[in-house]
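Me: I would like a close look at the charged side chains of this model, with the reasoning spelled out step by step. Please begin with the surface and then work through the pairs, the cysteines and the backbone.

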Amino acid sequence: MAALVLAVSVLCGTVAGSYQNVQAGDFSAGALQYASDFSFLEALFNASGLSLGLDMLLKTQKDIDKFKEENWDFGDLLDQPLTQKQIDEAQEKIEKLYYGATEAYKKTHGNGSKPTPTPMITEPPAPGITPPVTVAPINPDDVEMPEDWGTMKKNAQDKGILAMGATTAYCVKEAVKGWWDDIMQTDLESNVSDNPYKNEKYLGYLEYECEGIYNGSFQKHYRKAYVYDYTVNSDVSYFSATSWNDSTTNLKYHDFRAKKSNGDDCFVHTYCVQELTYPSGTVNSSFTHSGYTAYNYPMSYGSSEGAVLNENYVFSVPVVIDGKTIPASALPPGKSSMWPSTDLKDDYDNNRSPNLPELVTPTLRLPTLDEIKDLWKQGTDDEENRPTYVTNFITNHTVQPTPDPEPTQKPDVKPTPTIAVVPDPGGGTDPDPDPNPTPSVTPAVVPDPGGDSGGGTDPDNPETPTPEEEASPYKADLKDIFPFCIPFDLIHLLKVFEADAEAPVFEFPLDIELDNPWTGKKVVDYHHTFELDMSDYEPVIKILRIFQVVFFIIALMLITRQQMIKG
């Protein structure tokens, strides 16, 4: 029996492991972790009426087309270092925003979420006297604090449910609102109406900030250039940066030249926005540039006195600079990385700060990658109805709280009075009788059917049910409900093998018959049954059984170590 139980245990473990492998598919361990992180991020945004779009992970139309052609293969996508970096940076950013929201909330509310109680009048007011007003003190033990990021994330990923209290939900929405506002501001800079390249493949940006003395006056120059791939097939493989020195200030900067994979120059488009600060005021302007380099040359100054030059760049392709290769960067998410619900569509279309829906302590189920994939397919194929798909997606993942059962109430039974007409006790004649006399009525006393013995039930006080009777409607036998019945079914399975110990007895019949072919009579007619009673060998079998169990367990240990632990 011990060997049987062990074998069943190993078999169950093998089946469970196979199920997990099937669920994971071809995902590596790293891809599985990032899948869990991305699902958690999606749930956070769902709690605020948003969904993460394809552009959160896929930056170009070419990437999106490839993702579709590969049957929306998340395993390959989440295995890419650039995608993993994108998710890491997104988590880091939203975590910082959430932390800032929690600190601001604690500071504003005195480290608590309870609002100041409404003043209460303690006594009825006397005429002409202002009633006293008191405010109940706040009990520190009743204060609800926002949940810290690590605890919220761990609980959500362990349970598959994002359950938030009121203060946590408030801080999550504030963090998402900060994310929204930042993206909208950045997106406006690169997608204004006069940008002719906004529909091309976005490669990244360059920015310079220069300040110094020019013709005896302090001036400051800021320029940011958004770079786009000119070719439809995305020929830009990397940027080669060449060092330059300003002729007057000797300040160092770089010339970024687009290159194909074979080293040939590649054509790019650049959309530039700049802000020039003069003693007389500030001038904002924009312009475009086409060529092999990303136009972003800093302003030259007539004098090097106090001149400062800061250079910054972020590209989605590698950059070879001063002989060193800088890996591709994860581009900041743009507006299209967020998909609004129907409630937020108007704010989204008009680039306004979001009026997030007031959700009462929302609880959401973390979506699976397949569910996100289905949403992306719907929203990509039907962009016009995308907000409706997002709204339905959020609704389907919102966990509705189970209402508390209503307490059993006593029936409101009132006795029906018996009305009896009582004659005039005077017995005389009224000298001025009323033509329509109203009989006087008094309720007749209905005797207690129980008599003086106290029997019967008082209709105003029916018998109070016992706690067991009150709880009976809410009880259920888990042995009859799937999936809770599975352990009991396993027990029933094992009980099939339960029997009283009894040594088996084997019988081997031997029948030999031979007929005379001429007379038809039997020449040989022999019948005998050989019996093998194993109880005769019971002492030996007990010893063999012990060794069999021992060797079976040792074999399992060796196979497990060799095939599963690999040690």
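Reply:

**Charge on the surface and in pairs**

In this predicted model, a patch of negative charge on the surface is formed by D65, E69, E70, D73, D76 and D79. One of these residues, D65, sits in helix α3, which covers residues 61-69. The relative accessibility of D65 is 32%, so this residue counts as partly exposed, and because patches are made of residues with over 30% relative accessible area and no salt bridge, a value of this kind is what membership calls for.

Charges that do find a partner are a separate topic, and the structure holds 15 salt bridges. Among them is the pair of K177 and D181, whose closest N and O atoms are 3.4 Å apart, which is within the 4 Å that a salt bridge requires. Both residues belong to helix α7 (residues 166-190), and because they are 4 residues apart there, about one helical turn separates K177 from D181. Neither end of this pair is buried: K177 is partly exposed with a relative accessible area of 27%, and D181 is likewise partly exposed at 28%.

A second pair joins two strands. The side chains of E209 and K220 meet in a salt bridge with an N to O distance of 3.1 Å. Since E209 lies in strand β5 (residues 201-214) and K220 in strand β6 (residues 217-229), this contact ties together parts that are 11 residues apart in sequence. E209 has a relative accessible area of 30% and is therefore partly exposed, and K220, also at 30% relative accessibility, counts as partly exposed too.

The third case goes beyond a single pair. D265 forms a salt bridge with R257, with the closest N and O atoms 3.1 Å apart, and a network of salt bridges links R257, K259 and D265. For the two residues of the pair, the relative accessible area is 28% in D265, which is partly exposed, and 27% in R257, which is partly exposed as well.

**Cysteines**

As for covalent links between cysteines, the structure holds 0 disulfides. Two cysteines can be placed with respect to the surface: C171 is buried, with a relative accessible area of 0%, and C272 is buried too, again with a relative accessible area of 0%. In both cases the label follows because buried means under 20% relative accessible area.

**Backbone**

Turning to the backbone, most residues other than glycine have a negative phi. Against that background, D322 deserves a look, since its phi is near 55°, a positive value in a residue other than glycine. D322 is found in the loop between β12 (319-321) and β13 (324-326), and with a relative accessible area of 48% this aspartate is partly exposed. N351 is another residue with a positive phi, of about 55°, although it is not a glycine. The place of N351 is again a loop, in this case the one between α8 (345-349) and β15 (363-365), and N351 is partly exposed, with a relative accessible area of 30%.

Methods. Residues numbered from 1 in each chain as written. Predicted model: local features only at pLDDT ≥ 70, side-chain atom pairs only at ≥ 80, totals over all residues. Heavy atoms only, no water. Patch = residues over 30% accessible without salt bridge, like charges linked within 9 Å, V, L, I, M, F, W, Y side chains within 5 Å. Areas by Shrake-Rupley, 256 points an atom, 1.4 Å probe, with all protein chains shown as cover. Lys, Arg positive; Asp, Glu negative; His and termini not counted. Charge placed at Lys NZ, Arg CZ, Asp CG, Glu CD. Buried < 20%, exposed > 50% of the residue type's maximum accessible area, 1.4 Å probe, protein only. Disulfide = S-S within 2.5 Å.
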